[in-house]
Amino acid sequence: MTRPRPIPRGPLSGSLLESALGAAERGWPVFPLRPDGKRPALHPETRCPRTEACAGGHVTWERRATTDPDRIRSAWTTGDWNIGLATGPARLVVIDLDKPKSETDAPDGAANLLALCERAGQPVPTTRTVRTASGGTHLYFSAPDGAHLRNTAGALGPLIDTRAHGGYVLAPGSVINGHAYRVQGPALIRPLPGWLLERLAPPHPRPDTVAPVVPLPRAGGRLATVVLDRETAKARQAAEGSRNATLLACVRAVGRFVAWGDLDRTHVETAFQAAGEAAGLPAAEVAATIRSALDWSIRTARPRSAA
């Protein structure tokens, strides 16, 4: 973890440090957030100095999150940093039941979850519960083995978000506008119920709708295959903050081979769809980016003789 910029210590520093160490003792990696705020106290990719921990390239907050008590003490003794809990590395799925942003009679996240449970014929799940500073609720569940869930917004209902891989929550002890995040009731964490997992898991294509692998034509086929393999690997390994732009550039790099007839469009779309989702992008966003990039490539590709 790169140490955040020091600020004067305040009266909360000790308790925030204790809370950060307490989370780490549970095996939950943490990282500093801005005092009285929710944003990471670490520099973003756009302002990365490429020094220290980032000498070899930008290191995201998710990768900097740590359970090392020495690194945590080194960071939290410099100021009143709120505590970001990286849910993916912690193997947690947190359901965030929010309150309406303004005065309204509309049901809040908790009421919408209750309605969802009633429609599904399921009991309201009980697990470790954290009261947020705004009066909402975080429900902590252990992530199922083998599942790689991502963040969602509204997938379970209005004012219900989830945090998993690629996400974080403010850990208990964090403070916003003088209100602390606090554990309510028993601290026992339950596994995510299977019926909720079904609603949160990314959809899998039906076997009869999976596009078959199309044999490559001979003309230019070897070079086209090499470029496709190289570009899908780059898209799959794209860093957070540049994933969509990287996917767009990679698809465009391959698009000319589709225009020339060296690669089948469906074959290319299938390969990049898997790469984009593996990088953590939503399936719909991946499909839209691929379609746009290939349409552009086919429309603007020069003849092979002029390339």
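## Helix α7 and its two partners, with two loop residues

Reader: In this predicted model, which handedness does the crossing of α7 and α9 have?

Author: The model is a predicted one, and two of its helices, α7 and α9, cross each other with a definite hand. The crossing of these two helices is right-handed.

Reader: Are α7 and α9 parallel, antiparallel, perpendicular or oblique to each other?

Author: Helix α7 covers residues 243-259 and helix α9 covers residues 283-300, and their axes come within 8 Å of each other. The axes cross at roughly 40 degrees, whereas an angle has to be under 35 degrees to count as roughly parallel and has to lie between 65 and 115 to count as roughly perpendicular. The two helices are therefore oblique.

Reader: How many residues of the contact of α7 with α9 are nonpolar?

Author: On the α7 side the contact includes Leu 247, Leu 248 and Val 251, and on the α9 side it includes Val 286, Ile 290 and Trp 296. Charged residues also take part, among them Arg 252 of α7 and Glu 285 of α9. The contact divides into three charged residues, four polar ones and, as the number asked for, nonpolar residues to the count of eleven.

Reader: How is α7 oriented to α8, roughly parallel or roughly antiparallel?

Author: The axes of α7 and helix α8, which spans residues 265-278, come within 11 Å and cross at roughly 160 degrees. Because an angle over 145 counts in this way, α7 is, with respect to α8, roughly antiparallel.

Reader: Which residues of α8 do the residues of α7 meet?

Author: From α7, the residues that take part are Leu 247, Cys 250, Val 251, Val 254 and Val 258. The residues of this contact divide into seven nonpolar, no polar and one charged. Their partners in α8 are Arg 265, Val 268 and Phe 272.

Reader: Is Leu 159 buried, partly exposed or exposed?

Author: Leu 159 lies in the loop between β6 (152-153) and β7 (160-163), and it has a positive phi of about 60 degrees although it is not a glycine. Its relative accessibility is 30%, and buried would require a value under 20% while exposed would require one over 50%. Leu 159 therefore counts as partly exposed.

Reader: Is Asn 177 buried or exposed?

Author: Asn 177, found in the loop between β9 (175-176) and β10 (179-180), is not a glycine, yet its phi is positive at about 50 degrees. Because its relative accessibility is 61% and the cut-off is over 50%, Asn 177 counts as exposed.

Note on methods
Residues numbered from 1 in each chain as written. Predicted model: local features only at pLDDT ≥ 70, side-chain atom pairs only at ≥ 80, totals over all residues. Heavy atoms only, no water. Helix = DSSP H or I, 4+ residues; strand = E, 2+ residues; numbered from the N terminus. Buried < 20%, exposed > 50% of the residue type's maximum accessible area, 1.4 Å probe, protein only. Axes fitted to C-alpha atoms, helices over the stretch in contact; angles between N-to-C directions. Left-handed = near helix turned anticlockwise from the far one by under 90°. Contact = heavy atoms within 4.5 Å. Nonpolar A, V, L, I, M, F, W, Y, C, P; charged D, E, K, R; others polar.
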